[in-house]
Amino acid sequence: QVQLVESGGGLVQAGGSLRLSCAVSGRTFIPYTMGWFRQAPGKEREFVAAISWSRGTTYYADSLKGRLTISRDMATNTVYLQMNSLKPEDTAVYYCAVDDYSGPYIRSRYRANEYDYWGQGTQVTVSS
C-alpha cells in the first residue's frame, strides 16, 4: 500500500517562500515519477512539476518555471517543492502523486489522470 503524506503548507505573504514535503512509504524501489499538482477552488487540478525518481530529471509548468524547484531525497523517500516569490494566485491545495512511468520523457508526465497514487493535499494560502 503506497502512502503519500504532504506537509509544509501554510499562510504566507506575497513574495514569501514555502517548501512542501511529500513522504512516500510502502513503495518498493521501482523507477517512477513523482509529481506535484495544485487545485484552487472552482478550478481543475493543475500540473506544477515532476521529477524522475531514478534520473533526477525535472519538468515544470511553463507558467511557474523560475519560481519553483522540485527535488528528491532518495535516502528518506521524500520529494520537495521549493516555492519562491509566491503570489496570491498560487493559493491552492497542493498534492503530490506517484506515476509508475519510468521512461526518459519527463515532459510527458503532466496529466493528472496518469498518476496512480495521491496524497491528501496541503493548503497553501498566499495573502496580498
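A residue is called buried when its relative accessible area is under 20%, exposed when it is over 50%, and partly exposed in between, with a 1.4 Å probe and protein chains only. The model is predicted, so local features need pLDDT of at least 70 and side-chain atom pairs count only at pLDDT 80 or more, while totals for chains, interfaces and linings use all residues. Residues are numbered from 1 along each chain as its sequence is written, and side-chain values use heavy atoms, with hydrogens and water left out.

**Exercise 1. An open sheet**

Work out in which order the four strands of the open sheet stand, and which strands stand at its edges.

Solution. Strands are DSSP runs of E with at least two residues, helices are runs of H or I with at least four, and both are numbered from the N terminus. Two strands pair if DSSP finds at least two bridges between them. Applied here, the order is S1-S3-S8-S7, with antiparallel pairing. The edges are held by strand S1 (3-7) and strand S7 (68-73), and because each has a single partner strand, one side of each is left without a neighbour in the sheet. At the S7 edge, six bridges join S7 to strand S8 (residues 78-83) in the antiparallel sense, and Leu-68 stands opposite Met-83 in S8.

**Exercise 2. Strand S11 and its partners**

Find which side chains of strand S11 are buried, and in which sense S2 and S9 pair with S11.

Solution. In a regular strand, side chains alternate between the two faces of the sheet. Strand S11 (residues 122-127) shows such alternation: Thr-122, Val-124 and Val-126 point to one face and are buried, whereas Gln-123, Thr-125 and Ser-127 point to the other and are not. Next come the partners: strand S2 (residues 10-13) pairs with S11 in the parallel sense over four bridges, with Leu-11 opposite Thr-125. Strand S9 (residues 92-99), by contrast, pairs with S11 in the antiparallel sense over three bridges, and there Val-93 stands opposite Gln-123.

**Exercise 3. Aromatic rings and a charge**

Describe the geometry of the pair formed by Phe-37 and Tyr-115, and then identify the rings that Arg-45 sits over.

Solution. Rings of Phe, Tyr and Trp (its six-membered ring) pair if their centres lie within 6.5 Å, and planes under 30 degrees apart count as stacked, over 60 as edge-to-face and the rest as tilted. By this rule there are seven aromatic pairs. Phe-37 and Tyr-115 form an edge-to-face pair, at 5.0 Å centre to centre and 80 degrees between the planes. The two residues are 78 apart in the chain, Phe-37 in strand S4 (residues 33-39) and Tyr-115 in the loop between S9 and strand S10 (117-118). Phe-37 counts as buried because its relative accessibility is 0%, and Tyr-115 counts as buried at 5%. Ring pairs link Phe-37, Phe-47, Tyr-59, Tyr-95, Tyr-115 and Trp-118 into a cluster.

For the second step, a charge sits over a ring if NZ of Lys or CZ of Arg is within 6 Å of the ring centre and within 35 degrees of the ring normal. The charged end of Arg-45 sits over the ring of Tyr-95, 3.9 Å from its centre, and Arg-45 also lies over the face of Trp-118, at 4.7 Å from the ring centre.

**Exercise 4. The disulfide**

Locate the one disulfide of the structure and state its handedness.

Solution. A disulfide is a pair of cysteine sulfur atoms within 2.5 Å. Cys-22 and Cys-96 are joined in this way, with an S to S distance of 1.9 Å. The torsion about their S-S bond is about 55 degrees, so the disulfide is right-handed. Cys-22 belongs to strand S3 (residues 18-25) and Cys-96 to strand S9, 74 residues apart. Cys-22 is buried at a relative accessible area of 0%, and Cys-96 counts as buried at 0% relative accessibility.
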